[in-house]
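Subject: Handover of the structure, with notes

Dear colleague,

I am passing on the structure we spoke about, and the sequence and coordinates are placed just below. Please have them open while you read the notes that come after.

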Amino acid sequence: MLNQTSVTEFFLLGVTDTEVLQPVLFMVFLTIYFLNLAGNGAILIVVTSDLRLHFPMYFFLGNLSCLDICYSTVTLPKMLENFLSTHKTISFLGCIIQLHFFHFLGSTEAMLVPVTAFDRFVAICKPLRYTLIMSHQVCTQMAVTIWIIGFFHALLHSVMTSRINFCGSNHIHHFFCDVKPLLKLACGDTELNQWLLNNVTGTFAMGSFFLTLLSYFYIIIYLFFKTHSCSMLHKALSTCASHFMVVVLFYAPVVFTYIRPASGSSVDQERISAIMYSVVTPALNPLIYTLRNKEVKEALRRMIRRKV
């Protein structure tokens, strides 16, 4: 239930106040957005249409590509519009909806990353039991559960934020509506909202991060003791290292933003962190997770040949 508030719309101050940088940043973020759509879109089409890729690994990567497209689409189109517009407002309801879908898709992706890491752990460390452990039914149930948990986690924040009374400034020092910048505009007590942000969202982020690290740690230990081929070990470690880089790029800014106290970070630091996990990481995921994958590259070539 939306709270009665004197604020009917918010003014998004964006990435920078410098007018001369607006067109340049527009082109930079537009390019990143198109790379995101093209890369993740290609992966999504390939893993759903090519029967050779109907395996758990690619099922989860298809989910990840879908999330990355939607995740960036929640914030980037509005950011691009505001670069070229003087009317940089968003309605109160629109702000709450953006907040909800941002946390819905973000928390879902945060939980999906350790699942993909667990899939790699089972495939490498338990190859004979892989099809039994990661059956189609189990994979579907895991994916559905993750999406549902992500939705209700976001609903918690959107409902609680919508009940806050905003009676002062309506200028959000950010390029999208998020809980932390909105709490700074609140008139009443926001202690519960801050507790939910630090503890619930923080637990999601830190728990997912440590589960991901645990899977890759076991993979590396297993390979060191079981693999006698230096080339195979080098290839596996290279793959783990590239995956770990994306994990750090995604989780480190999230932890920085949502676990640190509001007084411990500046507005510019929060903007940069948000750009890293909501704009840069979704565009990098196709390059790191799948476009370096031999089977995916072959599937892309087959798809291109069919089109030609």
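The notes below go from the core to the salt bridges, then to some single residues and the surface.

Please keep in mind throughout that this is a predicted model.

The core

The largest nonpolar core has 82 residues, and the residues with the most contacts inside it are Phe10, Phe29, Met79, Phe83, Phe166, Ile172 and Tyr277. Helix H3, which covers residues 92–125, gives the most to this core, with 16 residues. To take one of the core residues in more detail, Phe83 is in contact with Val15, Gln22, Leu25, Phe26 and Phe29, once its neighbours within four places in sequence are left aside.

Salt bridges

The structure holds 6 salt bridges, and several of them deserve a separate look. Between Glu270 and Lys180 the side chains meet in a salt bridge, with an N to O distance of 3.7 Å. This pair links distant parts of the chain, with Glu270 in helix H9 (residues 267–290) and Lys180 in helix H6 (residues 179–183), 90 residues apart. As to their surroundings, Glu270 has a relative accessible area of 4% and is therefore buried, and Lys180, with a relative accessible area of 2%, is buried as well.

Glu270 also meets the side chain of Lys184 in a salt bridge, at 3.6 Å from N to O. Because Lys184 lies in the loop between H6 and H7 while Glu270 is in helix H9, the pair ties together parts that are 86 residues apart in sequence. Lys184 has a relative accessibility of 44%, so it counts as partly exposed. A further set of salt bridges, which share partners, joins Asp50, Arg52 and Arg302 into one network.

The side chains of Arg120 and Asp119 form another salt bridge, with an N to O distance of 3.0 Å, and both Arg120 and Asp119 are buried. Asp119 appears again among the contacts of Pro56, described next.

Prolines and serines

Pro56 lies in helix H2, which covers residues 56–83, and its relative accessibility of 14% falls under the 20% limit, so Pro56 counts as buried. Leaving aside its neighbours within four places in sequence, Pro56 is in contact with Asp119, Tyr130, Met134 and Cys139. The C-alpha atoms of Pro56 and Thr140 are separated by 9.2 Å, although the two residues are 84 residues apart along the chain.

The other proline I looked at, Pro286, has its place in helix H9, and with a relative accessible area of 2% it is buried. Pro286 and Thr73 are 213 residues apart in sequence and, from C-alpha to C-alpha, 16 Å apart in space.

Of the serines, Ser107 is in helix H3 and is buried, with a relative accessible area of 6%. When its neighbours within four places in sequence are left aside, Ser107 is in contact with Gly150 and His153. Ser162 belongs to helix H5, which covers residues 136–162, and counts as buried at 3% relative accessibility. The side chain of Ser162 reaches the backbone oxygen of Val159 at a distance of 2.7 Å.

Helix H7 and the surface

Which residues make the nonpolar surface patch of about 760 Å²? The patch is made by Leu211, Leu214, Phe217, Tyr218, Ile221, Phe224 and Phe225. One of these, Leu214, has its place in helix H7, which covers residues 191–226. Residues need over 30% relative accessible area to take part in a patch, and Leu214, which counts as partly exposed, has a relative accessibility of 42%.

Lys226 is also in helix H7, and because its relative accessibility is 54%, this residue counts as exposed. The C-alpha atoms of Lys226 and Cys125 are separated by 9.3 Å, with their positions 101 residues apart along the chain.

With best regards

Technical notes
Residues are numbered from 1 along each chain as its sequence is written. This is a predicted model: local features need pLDDT of at least 70, side-chain atom pairs count only at pLDDT 80 or more; totals for chains, interfaces and linings use all residues. Side-chain values use heavy atoms; hydrogens and water are left out. Patches are made of residues with over 30% relative accessible area and no salt bridge: like charges are joined within 9 Å, nonpolar side chains (Val, Leu, Ile, Met, Phe, Trp, Tyr) within 5 Å. Accessible areas come from the Shrake-Rupley method with a 1.4 Å probe; for residues, only the protein chains shown count as cover. A salt bridge is a side-chain nitrogen of Lys or Arg within 4 Å of a carboxyl oxygen of Asp or Glu. Helices (H or I, at least four residues) and strands (E, at least two) are DSSP runs, numbered from the N terminus. Buried means under 20% relative accessible area, exposed over 50%, partly exposed in between (1.4 Å probe, protein chains only). A nonpolar core is a set of buried Ala, Val, Leu, Ile, Met, Phe, Trp, Tyr and Cys residues joined through side-chain atoms within 4.5 Å. Contact means heavy atoms within 4.5 Å. A polar contact is a pair of N or O atoms within 3.5 Å; within protein, one must be able to donate a hydrogen and the other to accept it, and residues adjacent in sequence count only if both atoms are side-chain atoms.
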